[in-house]
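User: Hello! I am new to this structure and would like a close look at a single part of it, explained step by step.

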Amino acid sequence: AQVRLSWTINELRGLCDQRRQICDSRVPDQFKMRIRYTSIFLAVVSVFLYGYTLPGMELNLFVGVLVLVASATLFTLSKGPLLIQRRVIAALVFMLAVGIVGIVLGRGSISSYLTQAFAISLVVISSTIIVAGGRELTAKIFPTYLELSFVYALIAIFELVLGSTGVYFEFLTPEIDYVFANVHRITGLAAEPAHYCFVMTPSVVAILIGTLLGRPCMSTFKSVVIVMSYILTFSSVGFFVLSLVLLVFFFRRSSWSAAMAKIVLIAAVIGLFSSVPQINMRVVDTYSAFALGNHANVNLSSLTLYKNAVVTTRSAVDQPIFGAGLGGHEHNYYKYLPSSLLMLGRNLNEKDASSLFLRLISEFGLPFTVLFYLLVIFFWTGFPDRRDVLPIYWKKLTSTAILVLIIAYSLRGGNYIFNSFPLFLILHYDVYRSLKYGDIIACAPQPARVMTRPIRSSYVSTTGPD
């Protein structure tokens, strides 16, 4: 009995020592977790800061890039596991390898290649450190982005209210483009309305889909503020995204109510097209330039897109396999653009082609471009469904929102790193990977103030926290 009592006392002492060690280590673990969450928060903040660049720098380095790199650095200093997705790095190396072929063939500039390669590598590596190393915190990236989108929209609305009273701040409103009376187009912290739409597209898509499915991702007030700010840009990019989401959603259904909704929607689209001068002008001028060949009196935006389309078409015919190399579209621009178009209007977006789709063809060739879009479609997790359990629903919602962003960016945005575009691409792949391998335990975002009560009470996942 004495031996047994002695053994029991020693066992209890060991358990107490073990418990004390756990308690002592809990504080630094919580501190590390806070550092990692702060890093993820800063990474999402960087998405909204690409309207500003550091003055006097040849690299034209965006403030958003610096914030993203700082967030990745802070993440590594938390002494957490430094994880990177090997397939993402392999894709980056493959892109740089294909992009240098055109440079070796003498089609592009080595200085442009090195500048682009440095900036892209910096953003991609920083993004994959955040996404891969975040683990369970990675699920907070998209919900955090939604909350910050609301703040971003409030700033834009504040800008509009000030503008209606004749008060303008240069850092908020670099250019004033009036629509009706003293109402001007919203730009927010972006450089122009189209850029504002690129920043807000994933949040608007998530809000529209969630509302139409009856599973909203944000409160009604926040959703209205975000969507209204998006509409008040009067941007053709925003008009395209809204039309695409609504048309795809209703045309997926075959009921009578859906058929009536299609008719009403088409009528509303036509009415909006005819009533907003900015959208009307851009659509008509774009059609006139591409279909009729009349590019003498079109607006500058449509003319810029037409010029780059001409350059890309001639480049694809002359060098279809590898293109001009990374950063080589500017070389193609002055090589293939006819002199009649070169002297017509201002030559804008000669470096980024004003379209991701056009730039990929011009710089990397047709095979690489086809491969890129096949992978984008392959990694898409599918359209979210009301019957999906909450974690899977959020993943599908995130994937679909990013897919629409890629489509919009392919039509009207050609900068590879703008608005942390690689971060969204990596998140798009990470969502696919986590669903493929069944990693849905920590994928639901879980902000109680975001999800509505019917969703929490009706869709409780037994695979993880709700």
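How many residues does the largest nonpolar core have, and which of them have the most contacts inside it?

Analyst: Happy to walk you through it. This is a predicted model, in which local features need pLDDT of at least 70 and side-chain atom pairs count only at pLDDT 80 or more, while totals for chains, interfaces and linings use all residues. Residues are numbered from 1 along each chain as its sequence is written, and side-chain values use heavy atoms, with hydrogens and water left out.

The largest nonpolar core has 105 residues, and Met200 and Leu326 have the most contacts inside it. A nonpolar core here is a set of buried Ala, Val, Leu, Ile, Met, Phe, Trp, Tyr and Cys residues joined through side-chain atoms within 4.5 Å. Buried means under 20% relative accessible area, exposed means over 50%, and partly exposed is in between, using a 1.4 Å probe and protein chains only. The greatest contribution to this core, 13 residues, comes from helix H6, residues 193-213. Helices are DSSP runs of H or I with at least four residues, numbered from the N terminus. As background, nonpolar side chains tend to be buried together in soluble globular proteins.

Let us look around Met200. Setting aside neighbours within four places in sequence, Met200 is in contact (heavy atoms within 4.5 Å) with Tyr145, Ser149, Tyr152, Ala153, Ile226, Ser229 and Tyr230. Two of these partners, Tyr145 and Tyr152, also belong to a cluster linked by ring pairs, together with Phe48, Phe142, Tyr196 and Phe424. Rings of Phe, Tyr and Trp (its six-membered ring) pair if their centres lie within 6.5 Å; planes under 30 degrees apart count as stacked, over 60 as edge-to-face and the rest as tilted.

Phe424 from that cluster is also one of the buried residues of helix H17. Twelve of the 16 residues of H17 are buried, so this helix is largely enclosed by the rest of the structure. From its first C-alpha to its last, H17 reaches 23 Å, close to the 22 Å expected at 1.5 Å a residue; the expected span is 1.5 Å times one less than the number of residues.

Ser434 lies in H17 too, and it counts as buried because its relative accessibility is 2%. Its side chain joins that of Lys395 through a polar contact of 2.6 Å, and a polar atom of the Ser434 side chain lies 2.8 Å from the backbone oxygen of Val431. A polar contact is a pair of N or O atoms within 3.5 Å; within protein, one must be able to donate a hydrogen and the other to accept it, and residues adjacent in sequence count only if both atoms are side-chain atoms.

Just before H17 in the chain, Tyr416 sits in the loop between helix H16 (390-412) and helix H17 (421-436). Tyr416 forms an edge-to-face aromatic pair with Phe364, 6.3 Å centre to centre and with 65° between the planes. Phe364 belongs to helix H14 (residues 356-364), 52 residues apart from Tyr416, and both rings' residues are buried. H14 is mostly covered, with eight of its nine residues buried. At the start of H14, a side-chain oxygen of Ser355 reaches to within 3.3 Å of the backbone nitrogen of Phe357. After H14 comes Gly365, whose phi is positive, near 90°.

Note on methods:
Helix = DSSP H or I, 4+ residues; strand = E, 2+ residues; numbered from the N terminus.
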